[in-house]
Amino acid sequence: MSKKFLLEHDRAECIGCGACAAVCPLFWEMNDDGKSDIKGGKNRDDGWQELEIDEKDFEANKQAAESCPVNVIHLKKKDSNEKII
Ligand code: SF4
């Protein structure tokens, strides 16, 4: 089954609060540099990270995005590029 959503992290703006890793540890972890990483995510040239995720993993990552105090976690629909959060 193809992945339906794109999870994105504006890593440069992450303040390293740890909320995403606490809320959604399957997909988020803290790095030694004090910021978070998407587990298995790809580092883009623009400094963001991204990972394609399945529908079943959408809700957990939406909660991570909602927990982020600086709103640097985003979710998009892959087919339409529609930004969800
Ligand atoms: S919740 Fe936001 S600011 Fe906090 S570690 Fe995660 S991405 Fe960074």
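A residue is taken to be near a molecule if its C-beta atom, placed from the backbone, lies within 6 Å of it. In this predicted model, 14 residues surround the ligand, and the closest are C14, C17, C20, S36 and C68. Sorted by character, the shell around the ligand holds nine nonpolar residues, four polar ones and one charged one.

Turning to the strands, β5 (residues 49–53) offers a convenient starting point, with pairings to β1 and to β4. Strand β1 (residues 5–9) runs antiparallel to β5, and five bridges join the two. Within this pairing, E8 of β1 has E50 as its bridge partner in β5. Strand β4 (residues 42–43) is likewise antiparallel to β5, here through two bridges, and N43 stands opposite Q49. The β4 and β5 strands form a hairpin with five residues between them. In the turn of this hairpin, G47 has a positive phi of about 90 degrees.

Positive phi values also turn up in residues other than glycine, and two asparagines are worth a look here. N71 has a phi near 50 degrees and lies in the loop that links α2 (58–67) with β6 (73–77). With 11 other C-beta atoms within 10 Å, N71 is exposed, because a residue counts as exposed when that number is 12 or fewer. N81, for its part, has a phi near 70 degrees and is found in the segment after β6. N81 has 8 other C-beta atoms within 10 Å, so this asparagine is exposed too.

How values were computed. Residues numbered from 1 in each chain as written. Predicted model: local features only at pLDDT ≥ 70, side-chain atom pairs only at ≥ 80, totals over all residues. Nonpolar A, V, L, I, M, F, W, Y, C, P; charged D, E, K, R; others polar. Helix = DSSP H or I, 4+ residues; strand = E, 2+ residues; numbered from the N terminus. Buried ≥ 20, exposed ≤ 12 C-beta atoms within 10 Å, placed from the backbone. Pairing = 2+ DSSP bridges.
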